[in-house]
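Visitor: Please take a close look at a single part of this model and work through its surroundings step by step. I would like one connected account rather than a list.

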Amino acid sequence: VQLNPVDMETRMRLVSLYLEGQAPDKAARTLDELAIGLRTSGDEEQLVDVLDRLAGIAEEPTGYLKELAEIYLERGENAQALQRLQRCFKVNPQDEQTLDLLGKAFVELGETDKALQVFEELARVVEARGDVDRLAEIDAILERLAPSASTPTAPADDGGLGQAAELMAAMSLPRWCPRTP
């Protein structure tokens, strides 16, 4: 049986049946197909609902969480974006896209000190990777946020975990968080 790619009602019933039948992988695949159709059709409101459901059942939810965060940032719903990004940060505190979006969310929320910490961590990650052009972009952001901010030095011998722990503390997150779907 072929379903309309954006038939939300029918696909959501199918997802419910899959979840009741203990088949979360099939539910996630169905939601992912629906999300593809909704992106194409431009139905952002339903897309947000689908992405939220996907983030709750997918084995690797960070891609969906980052997409949600981008949508929320575009809408000016910065606290919603921050909530999704904190989950991504718990999974990988040195992911460049997460750090970039997290810094933007803090800027939009008026949390300049936290934004500075995030962008400084992003600069360390980018510098370790050797991307000089991207590092210059981040330096420009740091200059705009705090004119006295300078490029941080290379990560410490702990592989940068000290800075990640400081950032987690600044975000009011526990130092160690179990990986959650």
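Guide: A helix here is a DSSP run of H or I that is at least four residues long, and a strand is a run of E at least two residues long; both are numbered from the N terminus. By that definition, the pattern of the protein chain along the sequence is α-α-α-α-α-α-α-α-α, with nine helices and zero strands. The model is predicted. Of the 181 residues in the protein chain, 42% are buried. If one takes the contacts between residues at least 6 apart in sequence, 51% of them join residues at least 24 apart.

The part to look at is helix 3, which covers residues 44-57. Its length can be checked first. Helix 3 has 14 residues, so at 1.5 Å a residue a span of 20 Å is expected, and the end C-alpha atoms are indeed 20 Å apart. Helix 2 offers a second check of this kind: its 18 residues reach 25 Å between the first and last C-alpha, close to the expected 26 Å.

Next comes burial. The buried residues in helix 3 are Leu47, Val48, Val50, Leu51, Leu54 and Ala55. What covers them includes helix 1, helix 2, helix 4 and helix 5. From the side of helix 2, the buried residues are Ala27, Ala28, Thr30, Leu31, Leu34, Ala35, Gly37 and Leu38, and these pack against helix 1 and helix 3. Just after helix 2 comes Gly42, with a positive phi of about 80 degrees.

One residue of helix 3 deserves its own paragraph. Leu51 lies in helix 3 and has a relative accessible area of 0%; the cut-off for buried is under 20%, so Leu51 counts as buried. Setting aside residues up to four places away in sequence, Leu51 touches Ala35, Arg39, Tyr64, Glu67, Leu68 and Ile71. Among these partners, Ala35 is one of the buried residues of helix 2, while Tyr64, Glu67, Leu68 and Ile71 are in helix 4. Leu51 and Gly63 are twelve residues apart in sequence, and their C-alpha atoms are 9.6 Å apart in space.

That leads to the packing of helix 3 on helix 4. The two helices pack at an angle of about 145 degrees, and their axes are 9 Å apart. The crossing of helix 3 past helix 4 is left-handed. On the helix 3 side, Glu44, Glu45, Leu47, Val48, Leu51, Asp52, Leu54 and Ala55 take part; they meet Tyr64, Leu65, Glu67, Leu68, Ile71, Tyr72, Glu74 and Arg75 of helix 4. Sorted by type, the residues of this contact are ten nonpolar, no polar and six charged.

Helix 3 also feeds into a wider core. The largest nonpolar core has 46 residues, and those that touch the most other members are Val50, Leu51, Leu54, Leu102, Phe119 and Ile138. Two or more residues come from each of helix 1 (8-20), helix 2 (24-41), helix 3 (44-57), helix 4 (62-75), helix 5 (78-91), helix 6 (96-108), helix 7 (112-129) and helix 8 (132-145). Helix 7 gives the largest share, eight residues. Val50, Leu51 and Leu54 are also among the buried residues of helix 3.

Some other places in the chain give context. Phe89 belongs to helix 5; its relative accessible area is 0%, so Phe89 is buried. Ten residues along the chain from Phe89 is Leu99, and the C-alpha atoms of the two are separated by 7.6 Å. Leu145 is in helix 8. From Leu145 to Thr112 the separation is 33 residues in sequence but 6.8 Å between C-alpha atoms. Outside four places in sequence, the contacts of Leu145 are Val107, Thr112, Ala115, Leu116 and Phe119; of the residues named here, Phe119 is also one of those that touch the most other core members.

A contrast to Leu51 is found in the loop between helix 1 and helix 2, where Gln22 sits. With a relative accessible area of 67%, Gln22 is over the 50% cut-off and is therefore exposed. Most residues other than glycine have a negative phi. Gln22 has a positive phi, near 60 degrees, and is not a glycine.

Terms used
Residues numbered from 1 in each chain as written. Predicted model: local features only at pLDDT ≥ 70, side-chain atom pairs only at ≥ 80, totals over all residues. Heavy atoms only, no water. Core = buried A, V, L, I, M, F, W, Y, C linked by side-chain atoms within 4.5 Å. Buried < 20%, exposed > 50% of the residue type's maximum accessible area, 1.4 Å probe, protein only. Contact = heavy atoms within 4.5 Å. Expected span 1.5 Å × (residues − 1). Axes fitted to C-alpha atoms, helices over the stretch in contact; angles between N-to-C directions. Left-handed = near helix turned anticlockwise from the far one by under 90°. Nonpolar A, V, L, I, M, F, W, Y, C, P; charged D, E, K, R; others polar.
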